[in-house]
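Colleague: Please examine closely how the chains of this assembly are joined through their strands and across their shared surface. I should be grateful for one connected account.

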There are 6 protein chains.
Amino acid sequence: MFVHNKRLQYTVRVGAPNPGLANLMLEQFGGPQGELAAAMRYFTQGLAEDDAGRKDLLMDIATEELSHLEVIGSIVGMLNKGAKGQMAEGVEQEAELYRSLTGAGNDSHITSVLYGGGTPLVNSGGIPWTAAYIDTIGEPTADLRSNIAAEARAKIVYERLINLTDDPGVRDALKFLMTREIAHQKSFEKALHAIQPNFPQGKLPGDPRFENTYFNLSQGEGELRGPWNQGPEWEFIEDPQPAVDGGDGHASVQLKERDMKAVQDMAGRTRSDPQVDPKTGADLGSGGALH
Amino acid sequence: MFVHNKRLQYTVRVGAPNPGLANLMLEQFGGPQGELAAAMRYFTQGLAEDDAGRKDLLMDIATEELSHLEVIGSIVGMLNKGAKGQMAEGVEQEAELYRSLTGAGNDSHITSVLYGGGTPLVNSGGIPWTAAYIDTIGEPTADLRSNIAAEARAKIVYERLINLTDDPGVRDALKFLMTREIAHQKSFEKALHAIQPNFPQGKLPGDPRFENTYFNLSQGEGELRGPWNQGPEWEFIEDPQPAVDGGDGHASVQLKERDMKAVQDMAGRTRSDPQVDPKTGADLGSGGALH
Amino acid sequence: MFVHNKRLQYTVRVGAPNPGLANLMLEQFGGPQGELAAAMRYFTQGLAEDDAGRKDLLMDIATEELSHLEVIGSIVGMLNKGAKGQMAEGVEQEAELYRSLTGAGNDSHITSVLYGGGTPLVNSGGIPWTAAYIDTIGEPTADLRSNIAAEARAKIVYERLINLTDDPGVRDALKFLMTREIAHQKSFEKALHAIQPNFPQGKLPGDPRFENTYFNLSQGEGELRGPWNQGPEWEFIEDPQPAVDGGDGHASVQLKERDMKAVQDMAGRTRSDPQVDPKTGADLGSGGALH
Amino acid sequence: MFVHNKRLQYTVRVGAPNPGLANLMLEQFGGPQGELAAAMRYFTQGLAEDDAGRKDLLMDIATEELSHLEVIGSIVGMLNKGAKGQMAEGVEQEAELYRSLTGAGNDSHITSVLYGGGTPLVNSGGIPWTAAYIDTIGEPTADLRSNIAAEARAKIVYERLINLTDDPGVRDALKFLMTREIAHQKSFEKALHAIQPNFPQGKLPGDPRFENTYFNLSQGEGELRGPWNQGPEWEFIEDPQPAVDGGDGHASVQLKERDMKAVQDMAGRTRSDPQVDPKTGADLGSGGALH
Amino acid sequence: MFVHNKRLQYTVRVGAPNPGLANLMLEQFGGPQGELAAAMRYFTQGLAEDDAGRKDLLMDIATEELSHLEVIGSIVGMLNKGAKGQMAEGVEQEAELYRSLTGAGNDSHITSVLYGGGTPLVNSGGIPWTAAYIDTIGEPTADLRSNIAAEARAKIVYERLINLTDDPGVRDALKFLMTREIAHQKSFEKALHAIQPNFPQGKLPGDPRFENTYFNLSQGEGELRGPWNQGPEWEFIEDPQPAVDGGDGHASVQLKERDMKAVQDMAGRTRSDPQVDPKTGADLGSGGALH
Amino acid sequence: MFVHNKRLQYTVRVGAPNPGLANLMLEQFGGPQGELAAAMRYFTQGLAEDDAGRKDLLMDIATEELSHLEVIGSIVGMLNKGAKGQMAEGVEQEAELYRSLTGAGNDSHITSVLYGGGTPLVNSGGIPWTAAYIDTIGEPTADLRSNIAAEARAKIVYERLINLTDDPGVRDALKFLMTREIAHQKSFEKALHAIQPNFPQGKLPGDPRFENTYFNLSQGEGELRGPWNQGPEWEFIEDPQPAVDGGDGHASVQLKERDMKAVQDMAGRTRSDPQVDPKTGADLGSGGALH
């Protein structure tokens with residue numbers, strides 16, 4: 001169960017309304033690397049997690065990310081103060097004032113006010129948040145890697161947002177949020193390493209014939225090798241040829257005799273036109289083996 | 001520039017058409033962890049990458065993922081052979097046959113045939129592929145972490161798909177694809193470690209006051225500590241209170257005197273109703289500092 | 001700031017795993033009338049609300065909806081126990097068992113396990129949650145009406161879900177969740193009526209010529225009148241004709257002389273082909289007034 | 001069956017082309033509160049409505065909203081005249097002229113012309129219209145509340161758009177459209193009140209233990225009570241504790257003995273590794289009751 | 001302006017409720033080739049069309065497609081009669097009955113009833129309709145080609161739906177709808193040919209060096225040539241090599257001297273670390289020409 | 001299998017970085033008419049195509065479109081050079097410089113850098129690419145028409161992009177890409193005509209009563225006739241009335257006697273309230289025939 005404290009996790013002091021900047025801040029409110037995505041990523045993992053320690057970790061951080069969502073949303077709200085107030089007024093004599101503030105009439109931040117009244121769950125380009133941003137897959141060592149990567153990306157977006165403003169209050173709050181991504185990333189790293197072995201993920205082993213092979217499929221000048229394809233552990237295939245399994249590289253349906261009979265019966269029952277036979281169940285395409 | 005060889009990277013031998021199974025395989029054709037997502041993730045990173053070695057790596061693997069997209073699409077195509085053939089016929093006497101194959105008439109795999117003719121770029125639930133699945137952010141150490149995580153997730157989905165069928169040809173091809181995700185994951189790990197330091201990502205350092213703090217925000221029985229919040233490097237806050245910066249936890253706009261004057265003029269010009277004053281530009285919310 | 005208590009707001013006792021039922025329950029986890037939509041609707045309104053009383057109301061209910069999201073997610077998780085466990089195993093000898101549980105291999109609930117590992121933020125048809133479900137507009141009397149309607153819809157979906165199962169534990173928890181929607185709806189009704197006048201919303205009055213007019217645009221047998229178009233307050237237009245303003249019903253650009261001159265200059269500068277003159281800036285369409 | 005009259009329901013007189021303003025007007029063409037959303041909302045309800053009176057009402061208003069879609073689309077078309085004309089030209093010597101009109105080359109309205117040729121079904125931020133905007137649920141008293149709220153929101157958006165321009169022709173047509181939302185809202189209010197009782201929606205009564213309870217889940221300074229949680233009808237819970245049902249607040253699967261036996265057999269048949277027992281069907285999570 | 005006649009364009013006689021079939025019919029209600037897509041495609045083109053004849057054609061067919069949307073929606077509504085009625089009931093004693101009708105509890109058609117109450121604007125897989133389906137581009141000869149193709153696709157989907165049922169009333173209505181797509185396709189063909197020349201679309205001619213060239217980029221056994229790459233008009237490039245323009249196939253920024261100076265100044269002002277010079281404005285990538 | 005050559009199909013020489021122009025170029029990278037849409041359209045058709053000649057054609061062109069995706073992405077990357085470099089820096093002293101470059105702080109191109117690091121798969125308005133853009137239907141003569149139309153639209157978008165810049169290198173590369181669309185369109189035209197007959201698509205003939213009928217559903221002044229509804233082949237219906245089949249224009253369920261009995265039994269078993277009888281399976285709506 002969640003409980004809410006009316007005070008923010010971090011105090012927000014905005015220097016002056018700035019709807020254009022508010023719009024950019026939406027990137028971390030309703031954007032792919034933003035706080036709702038983070039909170040929901042850890043919350044859905046926490047719900048399905050069977051290990052009590054990791055469940056606790058996930059719920060701690062999910063709850064903090066919800067608190068961050070509130071912080072960034074409050075920044076957006078403060079930066080939008082003027083625009084929202086005047087937009088909500090709807091009194092005719094203000095129209096001139098309003099237009100003077102918004103310039104030529106098509107600034108992108110107007111949409112976010114039109115659309116959602118101040119703090120819509122969209123990114124800085126107005127795209128509504130979608131759960132397609134969440135990549136939870138339900139396997140702890142894979143999900144922890146996803147979490148590490150997600151925190152890394154969020155850190156970068158905060159860094160870019162900090163570079164976009166010199167309002168000291170906004171920068172201060174953003175720096176707190178950025179720092180917390182670093183701390184979370186560390187926690188997830190530790191939790192991943194606490195599971196041993198953690199590679200490869202899951203239970204099925206790879207096929208040893210293809211596990212240490214590197215296919216050099218982008219060719220030409222400017223090729224550089226590095227630890228990712230060089231050294232005793234790698235088999236480097238300079239000019240890969242299909243099919244690597246040694247087969248003919250075709251796709252086919254190879255019916256067992258029993259099934260083939262059934263398909264022929266079926267075809268016979270429904271069509272007599274030999275020309276179109278290939279499109280029935282007996283049609284096995286250009287690589288078909290049924291002949 | 002890309003060139004295509006008509007043979008597949010791996011030979012596909014499907015035992016018998018099975019539209020229900022085809023539908024599930026779409027998860028790796030047009031799903032979030034599928035081969036198009038992988039190919040486009042590395043291709044967009046490769047285009048923007050300035051380091052020649054990593055650019056080569058990204059283009060090698062992007063090209064291989066396109067080749068995998070072709071392999072999984074060919075599996076889908078073979079498994080759909082019967083359904084597609086009959087659907088395409090459109091001759092009235094086959095209606096009874098068709099309906100007998102599809103059961104009660106609402107099997108989910110019918111949609112994928114109706115919708116896209118065999119191999120649509122959708123997941124196994126029919127959701128069209130979206131670039132929202134791609135989390136490229138344009139910073140190499142963040143992107144490499146995203147790639148490692150993406151390969152980990154894809155490995156898990158292949159493992160689950162393998163468990164859903166006992167068609168030996170399908171399992172064989174899926175196992176190849178799964179193994180390659182393991183190999184790619186290794187390459188990305190090596191490439192990440194070749195960049196030193198690689199943590200934290202980006203250039204801005206965190207705020208040392210909050211970088212090693214753990215906020216225990218999910219409380220109650222069943223709390224377990226672990227390396228993610230225990231040990232000399234962590235400051236564990238048992239019962240976090242707002243605001244962690246020591247402020248009042250409010251959000252406010254703190255206008256400089258000059259700006260405040262302008263807002264008051266603006267308010268004065270447009271409204272005389274003192275009750276609604278709070279909604280003009282001078283209204284700074286419940287935590288406003290302008291008084 | 002949010003704090004989480006590890007115990008649920010309502011105890012969840014599921015009688016037996018049932019992945020098909022889990023799938024249907026997702027409608028209130030990640031569906032349009034579900035608990036994430038509710039929580040985010042009130043949370044975004046609360047962030048932007050200037051009135052302290054309504055802000056408190058919105059944050060109270062937003063926090064409760066997050067707690068409901070946890071309850072419904074926990075129901076989904078429990079109903080998925082078997083499926084998730086086996087899916088996560090990935091050991092070959094279980095494949096037969098797994099397939100026997102999932103029937104023909106294309107049951108729709110498999111996608112939700114493939115996709116998100118148990119409790120993905122999707123509706124019962126697998127559609128990822130989108131902020132397009134949230135209709136916050138930033139004007140209190142409009143938003144309160146939206147909230148009343150949203151609670152009404154959520155109540156109906158819970159009612160339908162209750163009808164889909166006879167698991168007493170699931171029904172009991174669903175009934176709690178349904179009841180709370182009724183209570184919230186009442187609170188929002190009271191809050192709306194506390195604002196007077198609350199109709200029409202906003203500041204701009206309607207045009208008295210069209211405010212009480214009813215246009216009978218769907219015609220033919222079976223027309224029935226009722227309080228929505230009958231009585232002294234309504235002007236009922238039996239057979240509406242364009243244009244209701246008395247004009248010619250055309251769309252035109254009516255340039256002032258000064259602008260017209262500029263357009264002609266522009267046209268003259270760029271084209272001499274009289275045939276295509278109509279497509280330049282001077283071309284005012286079939287209803288154009290520039291002649 | 002629909003029939004179209006070439007004249008508009010309301011005459012559109014645009015003062016001068018203005019692609020930036022056209023872009024903002026798209027909010028009511030292809031945006032969430034726009035006319036297509038309105039038309040489709042009432043049309044889909046009308047199709048499924050069994051009551052002849054309400055069906056007539058819904059079809060009357062759906063048809064009018066389609067006519068409004070045509071009016072707002074015609075405004076967009078007229079405002080785009082210049083831009084579309086020049087864009088369509090595609091002659092090289094005009095490039096300089098075009099670029100001089102569009103400023104730095106990245107004005108957001110260019111996208112809407114690139115994308116859809118003048119009147120695309122997108123909102124003012126370029127987001128394609130989606131049926132996710134429609135919240136029809138198929139229960140008349142819930143749907144009528146949704147309709148009332150939708151009209152309220154649309155009224156507000158028109159008010160904001162009116163404030164963004166001083167073109168008298170555009171303002172005049174927008175004011176007509178805004179006024180009609182007021183009239184529709186009244187009709188839907190009357191239709192809702194004609195159904196008695198209309199609260200709560202549906203057939204299942206709430207649980208009396210929780211129907212008049214208010215959980216004060218957002219806590220701290222600044223709490224204000226009002227008719228939404230104060231008065232004899234409300235039970236106000238100052239500091240809500242889980243679980244409100246008096247249970248332990250855990251989620252569990254509570255197998256009947258018969259089912260438990262089956263699960264154990266299943267587990268026994270497939271695994272002997274005691275370490276992973278918790279992940280089989282017998283694993284009931286941290287709150288499991290199976291012991 | 002639109003007017004609605006309560007009678008359908010074509011009489012709908014459904015033999016018996018069948019929610020599974022209803023679900024499939026949604027493909028032409030809210031699917032990509034369905035009637036809303038068709039209506040909106042022609043309606044948006046009609047709004048922006050300057051030629052009076054084509055505008056009339058587009059509005060005639062748009063209006064008919066809206067009438068078809070009503071016909072297919074009415075088929076869906078009739079097929080859903082039983083399910084919707086019982087779902088709407090919400091009385092506890094019916095639960096058993098309901099469950100007996102819906103089988104195992106996860107039939108895909110339940111979602112469409114849960115979600116939208118009978119006739120939601122989704123495809124047969126539950127995907128909400130999106131304006132991304134509409135490919136209007138605002139150039140008549142391109143748009144007419146798009147319309148011809150759209151009618152061709154819709155014809156095929158109707159054909160497939162006809163094959164899925166033997167309810168004579170449903171087949172009869174579907175056949176009418178399918179036939180009308182054929183008629184519309186003919187009209188659009190005629191309208192395209194009435195514009196001469198109509199190829200290539202637009203005004204800019206192609207580059208004669210590349211207009212009749214065919215690049216054989218998919219190579220290997222099984223290549224077949226045909227009129228699409230064979231004959232005097234085609235130049236067939238057997239083994240295409242980059243770069244076809246004769247250049248080096250690199251991407252570069254080639255600053256003029258004046259700009260180069262500005263970039264160097266900028267770099268000098270902000271960084272002294274020569275290692276990272278390549279990431280400033282002066283860094284021109286692997287193919288950079290600035291050296 | 002795909003192989004990649006590090007050189008581009010066409011050399012890209014950009015005159016100077018220009019992030020605003022980069023943003024517009026995204027229309028053909030991740031937009032609906034862009035190169036990914038083209039590549040995936042032909043690739044998915046090629047996978048499912050049984051005819052070896054057309055399969056070859058589709059794979060040749062799909063591979064070329066992937067190569068074009070690389071060309072347009074390289075243009076975007078070069079135009080973004082400066083912005084990306086500075087954004088990635090994240091060093092505080094550059095903030096002022098950065099802000100001076102980006103103007104007021106809300107230029108739309110910033111989002112694409114924030115979001116995806118340079119070359120995200122979005123259109124020029126920031127909308128993520130979706131497979132909903134692909135209209136492959138799995139019937140060759142329909143799909144070839146779709147391909148012809150898609151090439152026509154892409155040609156137009158390139159033409160518009162060429163008009164937006166006077167950078168000679170960008171124009172040169174865009175002109176190559178535009179020209180190739182013309183060549184592809186020709187190939188698809190030839191391939192369509194090689195199939196005879198190719199109209200109507202599919203196997204089911206139309207209903208001769210409605211195949212040559214034109215319904216004049218948009219009425220009023222300004223009607224113009226043309227080859228699309230005039231001439232001996234057309235039956236022109238001046239004022240169409242429902243229902244064109246001669247029926248009553250109602251939608252009904254017409255149960256056979258046997259089924260009616262079953263429905264009545266079902267109704268009897270579950271309800272005794274005669275008022276709600278109409279909502280059970282026996283309720284046939286306003287046009288019901290069951291009486």
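Modeller: In this predicted model, Val12(A) has Ala251(B) as its bridge partner, the latter lying in strand 6 of chain B. That pair belongs to a parallel arrangement in which strand 2 (residues 12-14) of chain A is joined to strand 6 of chain B by 3 bridges.

The wider contact between these two chains involves 107 residues of chain B and 108 residues of chain A. On the side of chain B that touches chain A, the elements that each supply at least two residues include strand 2 (12-14), helix 4 (52-79), helix 9 (168-193), strand 6 (251-253) and helix 10 (257-270). Helix 8 of chain B gives the most to this side, with 12 residues. Sorted by class, the side of chain B that touches chain A comprises 45 nonpolar, 36 polar and 26 charged residues.

Strands also connect other chains. An open sheet of 4 strands has the order 4(C)-1(E)-1(D)-4(F), with mixed pairing. Its edges are strand 4 (218-219) of chain C and strand 4 (218-219) of chain F, each of which pairs on one side only. Strand 1 (residues 2-5) of chain D and strand 1 (residues 2-5) of chain E run antiparallel and are joined by 3 bridges; here Phe2(D) stands opposite His4(E).

Helices lie across these strands. Helix 4 (residues 52-79) of chain D crosses strand 4 of chain C together with strand 1 of chain E, at about 155° to strand 1 of chain E. Helix 4 (residues 52-79) of chain E lies across strand 1 of chain D together with strand 4 of chain F, running at about 155° to strand 1 of chain D.

Conventions:
Residues are numbered from 1 along each chain as its sequence is written. Chains are lettered from A and ligands numbered from 1 in the order in which they are written. This is a predicted model: local features need pLDDT of at least 70, side-chain atom pairs count only at pLDDT 80 or more; totals for chains, interfaces and linings use all residues. Two strands pair if DSSP finds at least two bridges between them. Two residues are in contact if their C-beta atoms, placed from the backbone, lie within 7 Å. Axes are lines fitted to C-alpha atoms, for helices over the stretch in contact, and angles run from 0 to 180 degrees between N-to-C directions. Ala, Val, Leu, Ile, Met, Phe, Trp, Tyr, Cys and Pro count as nonpolar, Asp, Glu, Lys and Arg as charged, and the others, Gly among them, as polar.
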